[in-house]
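User: Please take a close look at one part of this model, the second largest pocket, and then follow the helices around it outwards. I would like one connected account rather than a list.

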Amino acid sequence: MRNSILQQLSMTFLKNSNTPTKAVCSKHAVFNEPDDWNRKVLVDLLNDVINIYKNENNLPVVKNLKSNNDTEITLENMNAAVKSLTPGQVQKMKELEENKKKLNGQADSYIGFDYLNAGKYAAALQSFNDAIQKWPDNAENYYGRALYYAMQKKEIDAIKDVDKAIALVPNKFAEYYELRGKIRTTNKDFVAAIADFDEAIKLEPNYPEYYERRGRLKMKVKDDAGAVSDFNSCISKGEKTYKVYLSRGAAKYNLGNGVDACLDLKKALDNKVEGAEDALKNCGCK
């Protein structure tokens with residue numbers, strides 16, 4: 001974000017204006033000409049740079065802006081900068097403006113996540129509600145509120161919010177699909193949950209837990225061969241716990257592969273996985 005502002009500023013004002021800038025531009029000027037929107041965005045960008053970099057005097061662009069400790073830039077200087085903008089530069093400024101809105105919405109969502117982590121659930125909900133009202137197109141706020149609802153076991157509300165988050169940024173964030181998959185697992189909608197973990201794996205194919213979770217879901221729908229394949233992938237991707245061996249052993253046993261099943265279950269028992277001892281007895285392992 002900082003580099004983008006600096007780059008845009010230097011491109012549109014410092015390089016293109018024939019009149020040297022003095023310092024921070026004022027947001028109180030009245031803009032009435034056809035290019036007012038471009039000028040207003042440039043004003044905002046200049047202010048952003050100063051606010052972000054006011055203590056970093058080593059940056060040349062800040063030195064220029066802070067010269068003489070002046071606090072205004074004249075409309076004449078601003079006009080010179082705006083008139084020099086190319087259509088491509090204007091488009092980049094528009095994109096930056098939109099990106100700023102997204103970042104602001106995401107920053108608001110972080111407050112809600114902090115409350116969630118601190119166990120302050122009422123404050124978290126209020127924070128996410130406020131952020132959604134201010135930034136209705138920011139997916140992270142819906143995802144955060146979905147997490148809150150899931151923690152409160154309000155699965156219907158959680159699904160609605162995570163659906164909204166995914167609709168805003170489809171096929172982008174694996175954790176959105178992971179959350180929906182977990183909620184659907186709680187609701188015993190195993191087929192739909194498998195589809196969610198399919199999407200999560202497409203987005204983050206090297207995350208072992210997604211394979212482990214999808215494997216256990218496949219066992220729920222009697223796809224033990226598919227489950228074994230997922231457990232194999234989980235292990236090959238670097239799973240650090242040994243509970244996956246308990247699951248793989250059970251799936252192998254269901255497939256009639258008792259010898260390999262017992263090897264997996266014994267490995268789980270050797271690493272003190274809960275339930276491994278009972279599984280060994282139930283599978284008749286010696």
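Analyst: Helices here are DSSP runs of H or I with at least four residues, numbered from the N terminus. With that in place, and bearing in mind that this is a predicted model, the second largest pocket can be described by its space, its lining and the helices that supply the lining. About 170 Å³ of space lies in this pocket, and the residues that line the pocket are Thr-185, Phe-190, Phe-197, Arg-213, Arg-216, Leu-217, Met-219 and Lys-220. Sorted by class, four of the lining residues are nonpolar, one is polar and three are charged. Two helices each supply at least two residues of the lining, namely helix 10, which spans 190-203, and helix 11, which spans 208-220. The largest share, five residues, comes from helix 11.

Helix 11 also leads away from the pocket, to helix 13 (residues 243-254), and the axes of these two helices come within 11 Å and cross at roughly 30°. That angle makes helix 11 roughly parallel to helix 13, since angles under 35 degrees count as roughly parallel. The crossing of helix 11 with helix 13 is left-handed. On the side of helix 11 the contact is made by Glu-212, Arg-216 and Met-219, and on the side of helix 13 by Lys-243, Val-244, Ser-247, Ala-250, Ala-251 and Asn-254. Arg-216 and Met-219 thus appear in the pocket lining and again in the contact with helix 13. By class, this contact holds four nonpolar, two polar and three charged residues.

From helix 13 the packing continues to helix 14 (residues 258-270), where the two axes lie 8 Å apart at an angle of about 160°. Helix 13 is therefore roughly antiparallel to helix 14, and the crossing of this pair is left-handed. Helix 13 brings Tyr-245, Leu-246, Arg-248, Gly-249, Ala-250, Lys-252 and Tyr-253 to the contact, while helix 14 brings Asp-260, Ala-261, Asp-264, Leu-265, Lys-267 and Ala-268. The residues of this contact divide into seven nonpolar, one polar and five charged. Ala-250 of helix 13 takes part in the contact with helix 11 as well as in the contact with helix 14.

Another helix pair can be set beside these. The axes of helix 6 (residues 121-134) and helix 7 (residues 139-151) come within 9 Å and cross at roughly 150°, which makes helix 6 roughly antiparallel to helix 7. The crossing of helix 6 and helix 7 is left-handed. In this contact, Tyr-121, Leu-125, Phe-128, Asn-129, Ala-131 and Ile-132 of helix 6 meet Asn-141, Tyr-142, Gly-144, Arg-145, Tyr-148, Tyr-149 and Met-151 of helix 7. Nine of the residues in the contact between helix 6 and helix 7 are nonpolar, three are polar and one is charged.

Note on methods. Residues are numbered from 1 along each chain as its sequence is written. This is a predicted model: local features need pLDDT of at least 70, side-chain atom pairs count only at pLDDT 80 or more; totals for chains, interfaces and linings use all residues. Side-chain values use heavy atoms; hydrogens and water are left out. On a 1 Å grid over the protein atoms alone, a cavity is a set of points where a 1.4 Å probe fits but cannot get out, and a pocket is an open set with protein on both sides within 12 Å along at least five of seven lines; lining residues have an atom within 4 Å of a point. Grid points are joined across faces, edges and corners, and a volume is the space filled by probe spheres set on the points. Ala, Val, Leu, Ile, Met, Phe, Trp, Tyr, Cys and Pro count as nonpolar, Asp, Glu, Lys and Arg as charged, and the others, Gly among them, as polar. Axes are lines fitted to C-alpha atoms, for helices over the stretch in contact, and angles run from 0 to 180 degrees between N-to-C directions. Angles under 35 degrees count as roughly parallel, over 145 as roughly antiparallel, 65 to 115 as roughly perpendicular and the rest as oblique. A crossing is left-handed if the near helix is turned anticlockwise from the far one by less than a right angle, and right-handed if clockwise. Contact means heavy atoms within 4.5 Å.
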